[in-house]
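Please open the model in a viewer and keep the sequence panel visible beside it. The tour below proceeds by selection, each stop stating what to pick and what is found there.

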Amino acid sequence: MKPQSRKKGFRALGAVAALAAVLTFAAPTASAEVEPGGWISYSPSFTEQERGCGQISGLTFQLTCSTASGDQRAERRYATYTSGSRQFEGYFRITSMTGTRISLKQTFNESQSGPFFMLAVENGGRLYRVGAGTVANGATVGTTVRVNTVHVVGSAHRTYINGSLKLSISSPGGSFYDKFGSYRTDSGRGPATVQWSGVNFWRK
């Protein structure tokens, strides 16, 4: 092959390799990272809720005040589901927290008008289920933590932290929805800033 032809060949191969890399990077995730098997990726609709001193900018959720009463929240509320299995995945990083206890993710029981499952963080990094015990530790300021919840309506709700199963509870039937962001608990307060990323949903 002549030198000129070899150069054209290398350029063509380089272009193909670059295109393949882009396609691989941009390809949608085909299966969930926890409890794989038959999951279908989907994108439920959502609304944003800013109340009290809650502020939202993209996937950054902030409570700007230390008010220990009233509705202080910055969160996304996703569409209601009533049957089947749903899996949520998201990564959060607390970038500042001078408050005390902040809720991060909820599975809300719309049929009973209450948070069926509320994952919160305590200043110092302890993750806990509100009204129950510790789920995990290590959610300190600046640390990225992955959260997966698997909800089988009418059967079970499981919580994974960084890919490891940390909590399994039974679930009633009814209608539910997912929420995440930064939300003052009844016994807590801000300020706090939480950045979320890598949010995915699956169902089956």
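## The whole chain

Among contacts in the protein between residues at least 6 apart in sequence, 66% join residues at least 24 apart. Display the chain as a cartoon, bearing in mind that this is a predicted model. The protein has 15 strands and 1 helix. Of its 204 residues, 42% are buried.

Next, colour by pLDDT. The average for the protein is 87, and 84% of the residues score at least 70. Select residues 12–30, where the pLDDT is below 50. This stretch has 3 contacts in the model beyond near neighbours in sequence. Where pLDDT is low, the predicted coordinates should not be read in detail.

## The largest pocket

Turn now to the largest pocket, whose volume is about 200 Å³. Its lining comprises 14 residues, and those closest to the centre are Met118, Tyr183, Arg184, Thr185 and Asp186. Select these five and centre the view on them.

Which strands each supply at least two residues of this lining? They are β7 (101–109), β8 (114–122) and β14 (176–184). The largest share, 3 residues, comes from β14. Colouring the lining by class gives 5 nonpolar, 4 polar and 5 charged residues.

## Threonine 107 in strand β7

Select threonine 107, which is placed in β7. Is this residue buried or exposed? Threonine 107 counts as buried because its relative accessibility is 1%, under the 20% limit for that class. Its side chain forms a polar contact of 2.9 Å with the side chain of lysine 105.

Expand the selection to the contacts of threonine 107, leaving aside neighbours within four places in sequence. Among them are Pro115, Phe116 and Phe117, as well as Phe176, Tyr177 and Asp178. Tyr81, His151 and His157 are also in contact with threonine 107.

## Serine 111 and serine 175

Follow the chain to serine 111, in the loop between β7 and β8. At 46% relative accessibility, serine 111 is classed as partly exposed. Beyond residues up to four places away in sequence, serine 111 touches Gly174 and Ser175. The C-alpha atoms of serine 111 and glycine 173 are 8.6 Å apart, although 62 residues separate the two along the chain.

What does the side chain of serine 111 reach at 2.8 Å? The partner is the backbone nitrogen of serine 175.

Select serine 175 in turn; this residue is in the loop between β13 and β14. Serine 175 has a relative accessible area of 14% and is therefore buried. Not counting residues up to four places away in sequence, serine 175 touches Thr80, Tyr81 and Thr82, together with Phe108, Asn109, Glu110 and Ser111. Tyr81 is thus a useful residue to keep displayed, since it appears in the contacts of both threonine 107 and serine 175.

## Two backbone features

Select asparagine 162, found in the loop between β12 (156–161) and β13 (164–170). Its phi is near 55°, a positive value in a residue other than glycine. Asparagine 162 is partly exposed, with a relative accessible area of 47%.

Then select glycine 190 and proline 191, which are joined by a cis peptide bond with omega about 0°. Proline 191 belongs to the loop between β14 and β15.

## Asparagine 200 in strand β15

The final selection is asparagine 200, placed in strand β15 (residues 192–203). With a relative accessibility of 27%, asparagine 200 counts as partly exposed. A polar atom of its side chain lies 3.4 Å from the backbone oxygen of glycine 198.

Which residues are in contact with asparagine 200 once neighbours within four places in sequence are left aside? These are Gln87, Phe88 and Glu89. To end, draw a distance between the C-alpha atoms of asparagine 200 and serine 43: the separation is 7.6 Å, for residues 157 apart along the chain.

Note on methods
Residues are numbered from 1 along each chain as its sequence is written. This is a predicted model: local features need pLDDT of at least 70, side-chain atom pairs count only at pLDDT 80 or more; totals for chains, interfaces and linings use all residues. Side-chain values use heavy atoms; hydrogens and water are left out. pLDDT is the predictor's confidence in each residue, from 0 to 100. Contact means heavy atoms within 4.5 Å. On a 1 Å grid over the protein atoms alone, a cavity is a set of points where a 1.4 Å probe fits but cannot get out, and a pocket is an open set with protein on both sides within 12 Å along at least five of seven lines; lining residues have an atom within 4 Å of a point. Grid points are joined across faces, edges and corners, and a volume is the space filled by probe spheres set on the points. Helices (H or I, at least four residues) and strands (E, at least two) are DSSP runs, numbered from the N terminus. Ala, Val, Leu, Ile, Met, Phe, Trp, Tyr, Cys and Pro count as nonpolar, Asp, Glu, Lys and Arg as charged, and the others, Gly among them, as polar. Buried means under 20% relative accessible area, exposed over 50%, partly exposed in between (1.4 Å probe, protein chains only). A polar contact is a pair of N or O atoms within 3.5 Å; within protein, one must be able to donate a hydrogen and the other to accept it, and residues adjacent in sequence count only if both atoms are side-chain atoms.
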